[in-house]
Amino acid sequence: MEATEHRSCAYGLRHQTRCLAAIKSNDGKSRFIIGTQELLKPNEIHLLTFDEDMFEISATTFSHPHEIWDISASKEDPDLFFTCHRQVIDGKKSQSTASLWRMKQGHKGEEYFDLERMHQHQSRGELELVLTLDVGDGTTKKVIWQDSTEVISVEDSRICIWDIDIKQGTAKRTGSIAIPDPNFKFSSAVMNPHAQEVVAVYGRSIQGWNLSSLKPTFTIQDSQSALIRCLDYNPNKPFQIATGGDDGKVRIWDVRETTTGPIMTIQDHTHWVWSVAYNKFHDQLVLTSSSDCQVNLQSIVSISTGADYKYGDDDRNEDDHSQGEEEDLAEIGQQDAPTDGLVHAFDQHEDSVYQVAWSSVDPWIFMSLSYDGRAVMNQVPSEEKFKIIMN
């Protein structure tokens, strides 16, 4: 672990990594899980807990049987998560599926000395296999939690809806959606937090489907010249999604306007964009990460719910402030109001940054993960934080 002038913590793994997720916390501490990706070596799950008072990361490690390509934490139970993992059968065929696991944490901690992390408390736990999705010959690349009894799996050529029974350890497929264009594969998908809808990207196109009827809700066909790698749905503002692609650009879309193009395009990366994530508390803040080894914190306040507020207006109670005081406060508010643009570029990685994730409990904390096994905990710069709080 290391601390920098930006108040960040770094945690190093001895494995290659690709996937990261924030998990629910019952004690107010930010927690994240990371899955390792080694083809012919034992793999691990690392549960990281950030102690803001001590400003350090503690870890619990679990053995996992196969290389992990994606990880998805339960919204309700902090001990449950899905992994999409791949294994080689008979030294030839590669098979990919998804399994639900329960973390059973150990009670004994081990203190050891590591040149990268200095003294660090770490404990080991065990994983209990709860169930596995029977996807046949499919290649499962992502699982999305709808609720505690329904999940959605994303395969190369289809999206499946599953009813799961955690107590019984069973999963039943209740519906599926075929990819509209067989020339491409699904690359990612996300749930609409405002409706019963799943939104997926394939090739250069974006499409939504109603989960009840399994019929399309919108389509943005050939939206750009480069392949789309990732997307996220604005948690606070309906109809708005963000996508990132191979041209290094991040685009913000209003899915009601399928022919007019993106409502905003951000061009601060120089290579493929692998991850994009809205802040769930302040949707004007968007994280992006790329193969250019950089993590960018963007402000899109003009098209966020933050745009609904009038910075420095004069609707304050005249009984509380004199006219002169109101003018002074209005001037300060206008000067310090958040604006669109790059808030900060974090260059603490030396390899492709495949994933970024916001804390589930703290709106100002986030983690990024690069392929070389480096996880970095960062905070929104205090100046930007102050602007948001004051306005």
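Strands β16 (residues 197-202) and β17 (residues 205-210) run antiparallel to each other and are joined by six bridges. To find your place in that pairing, start from A200: its bridge partner in β17 is Q207. Keep in mind that this is a predicted model.

Zoom out a little, and β16 and β17 turn out to sit inside an open sheet of four strands, ordered β15-β16-β17-β18 with antiparallel pairing. β15 (186-191) and β18 are the edge strands, each with a single partner, so one side of each has no neighbour in the sheet. From one strand to the next, the twist averages 15 degrees. As for what holds such things together, strands of a sheet pair through backbone hydrogen bonds, in either a parallel or an antiparallel way.

Earlier in the chain there is another antiparallel pair to look at. Strand β13 (residues 158-165) is tied to strand β14 (residues 170-178) by eight bridges. The two make a hairpin with four residues between them, and G169 in the turn has a positive phi of about 70 degrees. Here R158 is a handy marker, with A178 as its bridge partner in β14.

Here are the two pairs side by side:

| Strand pair | Residues | Bridges |
|---|---|---|
| β13 and β14 | 158-165 and 170-178 | eight bridges |
| β16 and β17 | 197-202 and 205-210 | six bridges |

Now for the stretch after the open sheet. The UniProt record, an unreviewed entry, annotates residues 221-256 as "repeat: WD". In the model, this stretch is 0% helix and 47% strand, and its end C-alpha atoms lie 13 Å apart.

One residue worth a click is Q224, found in the loop between β18 (216-220) and β19 (228-233). Is Q224 buried or exposed? With a relative accessible area of 7%, it falls under the 20% cut-off, so Q224 counts as buried. Leaving aside residues up to four places away in sequence, Q224 touches R204, T243, G245, D247, R251 and W253. With R251 there is also a side-chain polar contact of 3.3 Å.

And the whole chain? The protein chain has two helices and 29 strands. Of its 391 residues, 52% are buried. The accessible surface is about 18,300 Å², with 45% of it belonging to carbon and sulfur atoms. Among contacts with a separation of 6 or more, 50% are between residues 24 or more positions apart.

Conventions: Residues are numbered from 1 along each chain as its sequence is written. This is a predicted model: local features need pLDDT of at least 70, side-chain atom pairs count only at pLDDT 80 or more; totals for chains, interfaces and linings use all residues. Side-chain values use heavy atoms; hydrogens and water are left out. Buried means under 20% relative accessible area, exposed over 50%, partly exposed in between (1.4 Å probe, protein chains only). Contact means heavy atoms within 4.5 Å. Accessible areas come from the Shrake-Rupley method with a 1.4 Å probe; for residues, only the protein chains shown count as cover. Two strands pair if DSSP finds at least two bridges between them. UniProt positions are given in the numbering used here, feature names are shortened, and annotations may be inferred rather than shown by experiment. A polar contact is a pair of N or O atoms within 3.5 Å; within protein, one must be able to donate a hydrogen and the other to accept it, and residues adjacent in sequence count only if both atoms are side-chain atoms. Axes are lines fitted to C-alpha atoms, for helices over the stretch in contact, and angles run from 0 to 180 degrees between N-to-C directions.
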